[in-house]
Amino acid sequence: MLRQERARLPDSPPAVYEAKRTEESDFTLWDRVKSPLGDSPERPCDPSDSLTLFLERSPLMPLLASRITNVLQDHQPEMLEEWLRELTASVTRRELMPPSELRAQCSEFIQLLRAALARGRVEDIEGAEWQPLREMLGDLSRSRALQGFTPRETAMFVFSFKRPLFRYLRQACGSDTEALASETWSATQLLDELGLWTADSFQKSREEVILRQQQDLLELSTPVVQLWDGILALPVIGTLDSNRTQIVMESLLQTIVNTGAEIAIIDITGVPTVDTLTAQHLLKAVAAARLMGADCIISGIRPQIAQTIVHLGVELGEVTTKATMKSAFQFALRKLGKTSAL
Amino acid sequence: MERIPILRMGGYLLVTIQVDMHDRLALTLQDDLTEQISRTSARGVLIDISAMEIVDSFIGRMLANIAGMARILDASTVVVGMQPAVAITLVELGLSLPGVRTALNVERGMALLQRDLGTQEAAHAHHPA
C-alpha cells in the first residue's frame, strides 16, 4: 500500500526504483515495514539501516527531500568506489591507513549521512539529527591527528566526496539546470560544513595533546630529593610562575611531612631570570616550609641574579642564601650536627 | 561553655586543638593560656594544630597573638603539626607568622623548647645578673 501512495519524483522513472529495491534485498518493502527491527531470526536487519530506508521512503520524504538523498540511495556502492579512488589518489600517506579501514570509514560516513539527511535538514548540521555524523567525524579527526595526518589531509576526507556526489547529481538532474544549480549549492554547502567541522575537531584534539603535555611537563620538572637524613634538595629548572610555585610548595611540604626533614635546599641554578614576582614566589615557598618546621636555604644564586635582586630592592629577609649547592649542603650538615649534639 | 584543655608537662604547657575552633573559643583559649602561663610560671608553650584542617585569617592572627603574649610573660611558643594545606593557605593569606617557632611534631617541638631553655640558662650562667 505504501508503495502505491509514495509520490514519485518527476524525473526518475519508476522502473529504476523497483529494480533497485529488489537488487538491494530479497525482501519487499512491505516486509520491512512490517518488521522494521528485524525480529524474525531468518531476516536479521540492522535497525538504523531499515529505519533510514523507512524514512527515506515515507510519504513525507518528497516534501523535504533533495536529490542528494536519492542520489545517495541509488548509487551508494558506485559513489563509495569512486570516493575511495579519489582518496587513495590524493592522500600521500597511504601506508598509515590500511585500505580496509579506509573503506569502513567511508561506508560509515555515507551511512550516517543518509541517516542524518533522512531525519534532518540539509542546511543545518548543528541539529541533533546530525549528532552521530558529527561524532563520527570528530573521532575520525582525533585518530588522524594522533596518527600524524595533516589537517588538510583529514579535511580532504570529506571534500573529496564532492566529485562523486556532483557527478551523480548531474546525472540525476539531467537537463534541469535550475535544479542542478540549487542541488549543487546545497551539496557543496553541506560538505563544506562537514569538512570544516572535521578540521575544527582536528585542531581541538591537537590542542588537547599540547595541554596534556604541558601538564606532564609541569609535574615532571619539580622533583624533591632527599640528600641526607633530614635534608631535602629542590632543584628548580625553568621559570617559576604561580602555577609551578603551587606545585613546588605542595610537593615540598608533603615531602617534609613524609621524611621529617628539617632543612630544605632550594637550588635556583636552573632559573634563568629572577624578577620581583619570582622572588615573591620563592619567599612564599620558604615561608610555607618554615611553618612546617623546616628551614630553607636558597642556593645556586648566580652573580647576575644577585645583582638583579639588589637592584630590584627585593627583601630576602632572614632567608639563608648560598652561592652553590656545595656550600649550602655543608651549612645544612653543620646545622644539623650542632643541633643533634644537644 | 566548651574550653580547650591545657595540659601541664613539667615546666611546659601543652595545648592540643582537636575541634573546629570558632572565634569565641579562640578568644577563650587566649585568656585561659595567658592565665595559666602566669599561674604556673611556664617557660614554654606547645600548641599542636595537627587536627586542624581549616585555618582562616582569624586563627592565624590568634596564633601570632598568643606567641606575642607568651613572650611578654617570658615563655616561648612552638606551633607543631601544621598540615601542608594549612601552611599553604596561611602563606597565601600573607600570614607567615613571624616570631612563631614551628616544628613538625610534638617530639621535635619539645626538643626545640628544651634547647631554647638550655641555651637561655647557659646564657644566664655566663652573665650572672
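Q: Which residues of E4(B) point one way from the strand, and which the other way?

A: In a regular strand the side chains alternate between the two faces of the sheet. The model here is predicted, and in it Ser76(B), Val78(B) and Val80(B) point one way from E4(B), while Thr77(B) and Val79(B) point the other way. All of these residues are buried.

Q: Why is E4(B) described as largely enclosed?

A: A residue counts as buried if 20 or more other C-beta atoms lie within 10 Å of its own. Five of the five residues of E4(B) are buried, so the rest of the structure largely encloses this strand.

Q: What are the pairings of E4(B) with E3(B) and with E5(B)?

A: Strands of a sheet pair through backbone hydrogen bonds, either parallel or antiparallel. E3(B) and E4(B) run parallel and are joined by five bridges; Asp48(B) stands opposite Val80(B) in E4(B). E4(B) and E5(B) also pair in the parallel sense, over three bridges, with Val79(B) opposite Thr102(B) in E5(B).

Q: How does the chain get from one parallel strand to the next in these two cases?

A: From E3(B) the chain crosses through H2(B) to E4(B), and this β-α-β crossover is right-handed. H2(B), residues 57-72, lies across E3 and E4 of chain B and runs at about 155° to E4(B). E4(B), helix H3 (residues 84-92) of chain B and E5(B) make a right-handed β-α-β unit as well.

Q: What is the strand order of the sheet in chain B?

A: Chain B has an open sheet of five strands in the order E1-E2-E3-E4-E5, with mixed pairing. E1 (6-9) and E5 (101-103) of chain B stand at the edges with a single partner strand each, so one side of each has no neighbour in the sheet. On average, neighbouring strands of this sheet are turned by 25° against each other, direction ignored. Further along the order, E2(B) (residues 12-16) and E3(B) (residues 44-48) pair in the parallel sense over five bridges. The bridge partner of Tyr12(B) in E3(B) is Gly44(B).

Q: What is the strand order of the sheet in chain A, and what is its pairing?

A: Five strands of chain A form an open sheet in the order E1-E2-E3-E4-E5, and the pairing is mixed. Its edge strands are E1 and E5 (320-321) of chain A, each of which pairs on one side only.

Q: Where does the antiparallel pairing of E1(A) occur?

A: E1(A), residues 225-228, pairs with E2(A) in the antiparallel sense over three bridges. Trp228(A) stands opposite Ile231(A) in E2(A). The two strands form a hairpin with two residues between them, and Gly230(A) in the turn has a positive phi of about 85°.

Q: What surrounds E2(A) beyond that hairpin?

A: Five of the seven residues of E2(A) (residues 231-237) are buried, so the rest of the structure largely encloses this strand. E2(A) pairs with E3(A) (residues 263-270) in the parallel sense over six bridges, and Ile237(A) stands opposite Gly270(A) in E3(A). E2(A), helix H12 (residues 242-259) of chain A and E3(A) make a right-handed β-α-β unit. H12(A) lies across E1, E2 and E3 of chain A, at about 165° to E2(A).

Q: Which strand does E3(A) run parallel to through five bridges?

A: Five bridges join E3(A) to the parallel strand E4(A), residues 295-299. In E4(A), Asp295(A) is the bridge partner of Ile263(A). H13(A) packs on the sheet, touching E3 and E4 of chain A, and its direction makes about 150° with that of E4(A).

Q: How many residues does the largest nonpolar core have?

A: In soluble globular proteins, nonpolar side chains tend to be buried together. The largest nonpolar core has 72 residues, and Ala264(A), Ile265(A) and Ala289(A) have the most contacts inside it. H13(A) gives the most to this core, with eight residues. Leaving aside neighbours within four places in sequence, the contacts of Ile265(A) include Ile231(A), Leu234(A), Ile297(A) and Phe329(A). A second, separate core of 29 residues includes Met79(A), Leu117(A), Phe161(A) and Leu165(A).

Q: How many residues of chain A are in contact with chain B?

A: The size of an interface is often given as the accessible area lost when the parts come together. Counted by residues here, 15 of chain A are in contact with 14 of chain B. On the chain A side, the elements giving two or more residues are H12 and H13 (276-291) of chain A. H12(A) supplies the largest share, six residues. The chain A side divides into nine nonpolar, three polar and three charged residues.

Terms used
Residues are numbered from 1 along each chain as its sequence is written. Chains are lettered from A and ligands numbered from 1 in the order in which they are written. This is a predicted model: local features need pLDDT of at least 70, side-chain atom pairs count only at pLDDT 80 or more; totals for chains, interfaces and linings use all residues. A residue is buried if 20 or more other C-beta atoms lie within 10 Å of its own, exposed if 12 or fewer, and partly exposed in between; C-beta atoms are placed from the backbone. Helices (H or I, at least four residues) and strands (E, at least two) are DSSP runs, numbered from the N terminus. Two strands pair if DSSP finds at least two bridges between them. A crossover is right-handed if, with the strands pointing away from the viewer, the path from the first strand over the helix to the second runs clockwise. Two residues are in contact if their C-beta atoms, placed from the backbone, lie within 7 Å. Ala, Val, Leu, Ile, Met, Phe, Trp, Tyr, Cys and Pro count as nonpolar, Asp, Glu, Lys and Arg as charged, and the others, Gly among them, as polar. Axes are lines fitted to C-alpha atoms, for helices over the stretch in contact, and angles run from 0 to 180 degrees between N-to-C directions. A nonpolar core is a set of buried Ala, Val, Leu, Ile, Met, Phe, Trp, Tyr and Cys residues joined through C-beta atoms within 7 Å.
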